[in-house]
Amino acid sequence: MNPLLLILLAPAAATLALFFVDRGSHRAVRAIATVATGICLVVALGMFFNFGSTEATEGFVANAGTATEHAYKWGFNQTWVEELGLSLRLGVDGIGLAMVLLTAFIIFTGVIVSYTIKTRVKEYYICLLAL
């Protein structure tokens, strides 16, 4: 699976899973949020440490052959509605990877720090993961 897609889908799947967890089960809610954001952090770290050794994805090079050539790695392209020209296209460059790593670290840290919340825990984590 594409790492960018995994980073996108792990919190989304956890958010959906939280809807089916009992409101009073604070430990399960926290565990689901921690695992989902932990997956994002581990995948982002893996991307960061493998960035130099990974080739640019074919079809994800802007301004090819010019001085401003810009390549994206871990490209993903999925057409949704071809008649309307709707598709999902993901890719990351160097500065974008730094932002992905920073976001993964901050959201994971936010989940860990939020263990002190005692009221409306399920709703809080649903909102946090939906970000």
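**Entry 1: elements**

I call a run of DSSP H or I a helix if it has at least four residues, and a run of E a strand if it has at least two. I am working on a predicted model. With that rule I looked up the elements and found 4 helices and 4 strands in the protein chain. I then read them off from the N terminus: α-α-β-β-β-β-α-α. The radius of gyration came next. It is 18 Å, well over the 14 Å that the globule rule gives for 131 residues, so the protein chain is more spread out than a compact globule. I also looked up the spans along the principal axes. The C-alpha trace covers about 60 × 40 × 20 Å.

**Entry 2: whole-chain values**

I looked up burial for the chain. Of its 131 residues, 34% count as buried. The exposed surface comes to about 8,300 Å². Carbon and sulfur atoms supply 66% of that surface. Next I took contacts with a separation of 6 or more. Residues 24 or more positions apart account for 55% of them. Then I turned to charge. I found 8 positive and 8 negative side chains. The centres of the two sets lie 23 Å apart.

**Entry 3: aromatic pairs**

How many aromatic pairs are there? The count comes to 3. I noted two of them here, beginning with phenylalanine 51 and tryptophan 74. Their ring centres are 6.1 Å apart, with 40° between the planes, and the pair is tilted. This pair links distant parts of the chain, 23 residues apart. Phenylalanine 51 sits in the loop between helix H2 (26-49) and strand S1 (61-62). Tryptophan 74 belongs to strand S3 (residues 73-81).

Are these two residues buried or exposed? I checked each against the cut-off: buried means under 20% relative accessible area. Phenylalanine 51 has 21%, so I list it as partly exposed. Tryptophan 74 has 15%, so I list it as buried.

My other pair is tyrosine 124 with tyrosine 125. Here the centres are 5.3 Å apart and the planes make 80°, which is edge-to-face. Tyrosine 124 is partly exposed at 30% relative accessible area. Tyrosine 125 is buried at 0%.

**Entry 4: helix H4**

Tyrosine 125 led me to helix H4 (residues 121-130), where it is one of the buried residues. How many residues of H4 are buried? I found 7 of its 10, so the helix is mostly covered because of that count. Val121, Lys122, Glu123, Tyr125, Ile126, Leu128 and Leu129 are the buried ones. I then looked up what covers them. The cover includes H1, H2 and helix H3 (94-113).

**Entry 5: two residues that reach H4**

I picked threonine 15 in helix H1 (residues 3-18). Its relative accessible area is 10%, so threonine 15 is buried. Which residues does threonine 15 touch, not counting those up to four places away in sequence? I found Ile126, Leu129 and Ala130. Ile126 and Leu129 are also among the buried residues of H4.

Next I picked valine 21, in the loop between H1 and H2. Valine 21 has 15% relative accessibility and counts as buried. Leaving out residues up to four places away in sequence, valine 21 touches Ala28, Val29, Ile32 and Lys122. Lys122 is another buried residue of H4. I also looked up the spacing between valine 21 and isoleucine 32. They are 11 residues apart in sequence. In space they are 9.6 Å apart, C-alpha to C-alpha.

Terms used:
Residues are numbered from 1 along each chain as its sequence is written. This is a predicted model: local features need pLDDT of at least 70, side-chain atom pairs count only at pLDDT 80 or more; totals for chains, interfaces and linings use all residues. Side-chain values use heavy atoms; hydrogens and water are left out. The radius of gyration is taken over C-alpha atoms; the globule rule is 2.2 Å times the number of residues to the power 0.38. Buried means under 20% relative accessible area, exposed over 50%, partly exposed in between (1.4 Å probe, protein chains only). Contact means heavy atoms within 4.5 Å. Accessible areas come from the Shrake-Rupley method with a 1.4 Å probe; for residues, only the protein chains shown count as cover. Lys and Arg count as positive and Asp and Glu as negative; His and the chain ends are not counted. The place of a charge is taken as NZ of Lys, CZ of Arg, CG of Asp or CD of Glu. Rings of Phe, Tyr and Trp (its six-membered ring) pair if their centres lie within 6.5 Å; planes under 30 degrees apart count as stacked, over 60 as edge-to-face and the rest as tilted.
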